[in-house]
Amino acid sequence: MSDRAAERSGGARRLPRGPRPGSVPVLVARACTLVGLLDVAAGVFPRFRHSRIHALAEVLPGALGPFAAALSLSAGVLLLLLAHGLRRRKRRAWRAAVALLPVGAVAQFSYRHSFIGVVISLALLWALLRHRGQFVALPDPRSRWRALANFVLMGAGSLALGLVIVSVQHGRMVGDPSLAARLTHVLYGLFGVQGPVGYRGGTSWTVAASLGALGLLTAVTTIYLAFRPEHPAAQLTQDDEQRLRALLARHGGRDSLGHFALRRDKAVVFSPSGKAAVTYRVVSGVMLASGDPIGDVEAWPGAIERFMDVARAHSWTPAVMGCSETGGEVWTRETGLDALELGDEAVVDVPDFSLAGRAMRNVRQMAARIERAGYETRVRRVRDLGEAELERIRRAADDWRGTDTERGFSMALGRIGDEADGDCLIATAHRAEAAPGPYGDLRAVLHFVPWGPDGVSLDLMRRDRAADPGMNELLIVAALRAAPKFGIARVSLNFAMFRSALARGEKIGAGPVLRAWRGLLVFLSRWFQIESLYRFNAKFRPRWEPRFMVYRASADLPRIGLAAMRAEGFLNLAPPRFLRRRAKPARPCAHGPTERDVRPA
């Protein structure tokens, strides 16, 4: 039996082509949003209530008028918050909605005496119970920092909604209070204290109860998120890493990004036979894989099925960043997903590399000029460096990073000098004649990870900002010259996003659409390294290997793009550094600095 047949018979279930999220959860989520808005409107706007006995009901002793308004408002806000979870088929959101809808129906009848509102709420409750089997998704990884985000967002929303509650009762206000007085009244009311704005009749009780309910809702949800048990994101275990290294030892030469699967902030799923694996990270509900699956190509379908099973179990959006053309074909064939070309990877074949000729004149002259200035280069395996020198390189790379957060996910390893990464290659530039800096004579660092037995892939580039321009070019040339000594025949440099559009758009005869697209990319290059990476890579006359993104639907692309930017470190939504707890390394040998930080001189 072939490996592919073994994958099929090993308990893995073949995925249906083109999986799409069910329509029922989407419709239920929209209905939940509608009911939530109705409940909020019933609790906020006086003109939304039409019952003739409402005025009497509010002032009767022991009446539920003000409290029913607060109850309707609270239920509506919570239903609006739960709508997103219902859309993603989350089981906990379903349970909370089933509990809240009867509360909203009671509040609708008690406060508005609206049978229509009750019928709408109960109809949604029936739909949730009828289709309860579709709401089975497991919870997402979580941390207590969501409590802080909830406090900020809920606090701002409560302040805005509270201002509406205070202002819509303008006809019953005493006098004409200013905006500052109304804001003060809202702030006091959120803490259950009477503010400076007065009302005639029993309206003050209704406003006070509604504001107090908003404040209580903000406090309760924040406390719940702060003290619930954490579900940290999955990370590679020591056993997972050993299994991945075994697969890379046998099949690592297939994909230049394979070694980056060993990042310890990724999780992994293996095929039923254990001959293939897919590593991923979950960011904002997007399950991001990177590169091709690891292992035997015949076993890839089994690993891909496991990946899709996990995505479906949690209702995560599946996506793959930076897979090769072969990987993209397998992903799309096995899952029915779509593929989009992202750009090209620059690969230099060492036997064909030469500084001779007019095309290499700029690189040749720059490298010669820097060498005449007194710089020397050293290219070594990580295992050949002492611990003191490795520590100095780590500290220098971290200091020269230039950003508050690490960048890199699909093409970055996440550490330097780990004892398990002895085959990694480090190229360093030194200038002994200059005044010693905090890192001695070290001026620039390049770090490469293995790509099978005869290749390396660039991980990061860092240099002292005070060093002479052209350090990156010098070290790449040094690494390419030293490559044969290490048995290296191919070197993967950086990834150039949308390279083909940039290259074709500047050629004669390019159409207006292509020129406009290139102009937009050049404009965006002011903030992102798009054109600069392409120009930098093109200096070394590489061959270009296309890389693809795999996605489920076009509507998912904005969400996947934001998740990818967060994973790569371009969009940082984490708390400020001084508020973060110092993270404990997964193992004592793990270290931090990583990034393909290419800023050509």
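Q: What does "buried" stand for when we talk about a residue here?
A: A residue is called buried when its relative accessible area is under 20%. Keep that cut-off in mind, and remember that we are looking at a predicted model. In the protein chain, buried residues make up 51% of the 601 residues.

Q: What else can I read about the protein chain before going into detail?
A: Let's take secondary structure, surface and contacts in turn. The chain holds 19 helices and 12 strands. About 27,900 Å² of the protein chain is exposed, and carbon and sulfur atoms supply 60% of that area. Among contacts with a separation of 6 or more, 77% join residues 24 or more positions apart.

Q: How is a pair of packed helices described?
A: The general idea is to give the angle between the two axes together with the distance between them. Try helix H11 (residues 300–314) and helix H12 (residues 325–335): their axes come within 10 Å and cross at roughly 60°. H11 and H12 are therefore oblique to each other. The crossing of H11 past H12 is right-handed.

Q: Which residues make the contact between H11 and H12?
A: From H11 come Trp300, Pro301, Ile304, Phe307 and Met308, while H12 supplies Thr326, Gly327, Val330, Trp331, Glu334 and Thr335. Sorted by class, this contact of H11 with H12 has 7 nonpolar, 3 polar and 1 charged residues.

Q: At what angle do helix H13 and helix H15 pack?
A: Helix H13 (residues 361–372) and helix H15 (residues 471–482) pack at about 100°, and their axes are 9 Å apart. An angle from 65 to 115 degrees counts as roughly perpendicular, so H13 is roughly perpendicular to H15. On the H13 side you will find Val363, Met366, Ala367, Ile370 and Glu371, meeting Met471, Glu473, Leu474, Val477 and Arg481 of H15. The residues in the contact of H13 with H15 divide into 7 nonpolar, no polar and 3 charged.

Q: What is the usual sign of phi, positive or negative, outside glycine?
A: Most residues other than glycine have a negative phi. That makes a positive value a nice thing to look for. Arg89 is a case: it is not a glycine, yet its phi is positive, at about 65°. You can find Arg89 in the loop between helix H4 (65–87) and helix H5 (91–112). With a relative accessible area of 16%, Arg89 is buried.

Q: Where does Phe498 lie, and what is its phi?
A: Phe498 sits in the loop between strand E11 (490–497) and helix H16 (499–505). Phi of Phe498 is positive, near 55°. The relative accessible area of Phe498 is 23%, so Phe498 is partly exposed.

Q: Is Gln169, a loop residue, buried or exposed?
A: Use the accessible area again. Gln169 is found in the loop between helix H7 (145–168) and helix H8 (179–190). Its relative accessible area is 6%, so Gln169 is buried. Now put sequence and space side by side: Gln169 and Val207 are 38 residues apart in sequence, and their C-alpha atoms are 8.6 Å apart.

Q: Which residues does Ile530 contact beyond its neighbours within four places in sequence?
A: Leaving those neighbours aside, Ile530 is in contact with Met497, Leu502, Leu521, Leu524 and Ser525. Ile530 has its place in the loop between helix H17 (512–524) and helix H18 (531–538). Ile530 is buried, with a relative accessible area of 7%. Its C-alpha atom is separated by 9.4 Å from that of Phe495, and these two residues are 35 residues apart along the chain.

Note on methods
Residues numbered from 1 in each chain as written. Predicted model: local features only at pLDDT ≥ 70, side-chain atom pairs only at ≥ 80, totals over all residues. Heavy atoms only, no water. Axes fitted to C-alpha atoms, helices over the stretch in contact; angles between N-to-C directions. Helix = DSSP H or I, 4+ residues; strand = E, 2+ residues; numbered from the N terminus. Parallel < 35°, antiparallel > 145°, perpendicular 65-115°, else oblique. Left-handed = near helix turned anticlockwise from the far one by under 90°. Contact = heavy atoms within 4.5 Å. Nonpolar A, V, L, I, M, F, W, Y, C, P; charged D, E, K, R; others polar. Buried < 20%, exposed > 50% of the residue type's maximum accessible area, 1.4 Å probe, protein only. Areas by Shrake-Rupley, 256 points an atom, 1.4 Å probe, with all protein chains shown as cover.
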